[in-house]
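The following note is offered as a colleague's reading of the model. Please consider the numbered points alongside the sequence and coordinates.

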Amino acid sequence: MIKVEWLYWLIGLVFVVMAVQMAMDRSNPKRWTSAAFWGLLGLTFPYGTGVANATAGNGGWTLPAEPLGVAVLALIVLAGFNFLGKGVPVTTTGEQREAAAARLGNKIFVPALTIPLVAIVCASVLDESGLFETGKATLLGLGLGCVAALVVGMLVTGEKKLSVPIHSGRSMLEAMGSALLLPQLLAVLGSIFAAAGVGDQVGDIMNKVLPDDSKYFAVLAYCVGMFLFTVIMGNAFAAFPVMTAAIGWPVLIQQMHGNEPAVLAIGMLAGFAGTLCTPMAANFNIVPATLLELKDQYGPIKAQLPTGIALLGCCTVIMALFAF
């Protein structure tokens with residue numbers, strides 16, 4: 001049986017290998033601290049398995065959680081005080097890339113399409129085969145798809161050295177920086193908010209503020225709340241449990257008998273509208289600007305802002321007219 005922990009260990013190994021490359025890259029003025037950040041992050045993956053075993057009482061090795069917490073604080077210091085840098089990537093010339101693009105044509109998309117194809121096969125065909133850990137077929141399929149895409153990409157391009165895609169991945173890692181971790185951290189923040197009862201507190205406030213039996217005000221509060229919480233937290237999935245526990249479920253569904261799928265799906269879409277308008281959604285709005293070397297770091301947000309606001313308005317109107 002293939003376990004999901006094996007995938008996490010592989011991810012950690014990739015970070016460690018890239019950290020070694022960074023330490024050896026003399027063109028990076030912050031090579032040692034950059035290597036420390038990514039190497040420490042990579043080591044947290046296998047170490048986290050021991051912490052999880054100790055917490056859940058599973059078999060295998062057990063490790064204390066305190067060093068992991070210290071490692072997280074060290075990562076915060078390294079990223080927060082701008083100790084991450086990037087070297088000069090060793091790459092082909094523009095003419096060489098144009099020639100390769102002309103030679104490969106649409107075959108260049110084959111590796112990218114390999115990832116979802118393998119993930120779908122694992123989730124739909126191999127889920128009940130006993131090959132994967134129970135309930136983890138989709139996640140493992142995604143990981144296997146990435147490995148398969150690497151192999152396919154090397155075959156399509158004719159690349160024979162594994163170090164070449166690893167160096168390219170390391171250059172992208174350096175360009176993205178610590179923003180790469182922001183979606184995971186924001187998702188955890190949503191879980192913390194839900195466990196702390198933030199949704200209940202917001203619900204109490206809304207019950208005092210909203211007029212009785214005012215469907216339109218409740219719909220407006222839910223959609224705008226999803227939008228604003230997503231702007232703050234950078235992730236609609238993090239905002240969803242908070243606002244749904246506060247307004248979506250108790251007010252719109254239980255009190256006003258709204259259609260459950262319609263209310264929740266449109267509410268989530270209102271949250272996605274907030275994703276278009278926030279730098280906290282770094283993987284959507286900040287990382288692309290960095291990778292494309294745009295002069296204005298917030299250019300994507302400025303371009304998407306009218307669409308996000310218009311989408312929020314559409315979600316509010318559609319929910320008010322068709323979800324009840």
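How many salt bridges does a search of the whole structure find? The points below begin with that matter, after a short statement of conventions.

This is a predicted model, in which local features need pLDDT of at least 70 and side-chain atom pairs count only at pLDDT 80 or more, while totals for chains, interfaces and linings use all residues. Residues are numbered from 1 along each chain as its sequence is written, and side-chain values use heavy atoms, with hydrogens and water left out.

1. The search of the whole structure finds three salt bridges, a salt bridge being a side-chain nitrogen of Lys or Arg within 4 Å of a carboxyl oxygen of Asp or Glu. In general, side chains of opposite charge can pair when their charged atoms come close.

2. D25 pairs with R170, with 2.9 Å between the closest N and O atoms. This contact links distant parts of the chain: D25 lies in the loop between α1 and α2, and R170 lies in helix α7 (residues 163-176), 145 residues apart. Both D25 and R170 are buried, that is, under 20% relative accessible area, where exposed means over 50% and partly exposed lies in between (1.4 Å probe, protein chains only).

3. R170 also forms a salt bridge with E174, the closest N and O atoms being 3.5 Å apart. E174 and R170 both belong to helix α7 and are four residues apart, about one turn of the helix. E174 and R170 are both buried. D25, R170 and E174 are thus linked in a network of salt bridges.

4. The side chains of K302 and D296 also meet in a salt bridge, at 2.8 Å from N to O. K302 counts as exposed because its relative accessible area is 55%, whereas D296, at 30%, is partly exposed.

5. On the overall fold, the chain has 15 helices and zero strands; these are DSSP runs (helices H or I, at least four residues; strands E, at least two), numbered from the N terminus. The C-alpha atoms fill a box of roughly 65 × 50 × 45 Å, taken along the principal axes. Of the 324 residues in the chain, 35% are buried.

6. A nonpolar patch on the surface is formed by L10, L13, V14, V17, V147, V151 and L155, with about 590 Å² of accessible area together. Patch residues have over 30% relative accessible area and no salt bridge, with nonpolar side chains (Val, Leu, Ile, Met, Phe, Trp, Tyr) joined within 5 Å and like charges within 9 Å; accessible areas come from the Shrake-Rupley method with a 1.4 Å probe, and for residues only the protein chains shown count as cover. Helices α1 and α6 (137-157) each supply at least two of the patch residues, and the largest share, four residues, comes from α1. V14, found in helix α1, counts as partly exposed because its relative accessibility is 38%.

7. Two backbone angles merit inspection. Most residues other than glycine have a negative phi. N82, in the loop between α3 (66-80) and α4 (94-104), has a positive phi near 60 degrees. H257 likewise has a positive phi near 60 degrees; H257 is found in the loop between α11 (236-255) and α12 (260-275) and is exposed, with a relative accessible area of 64%.
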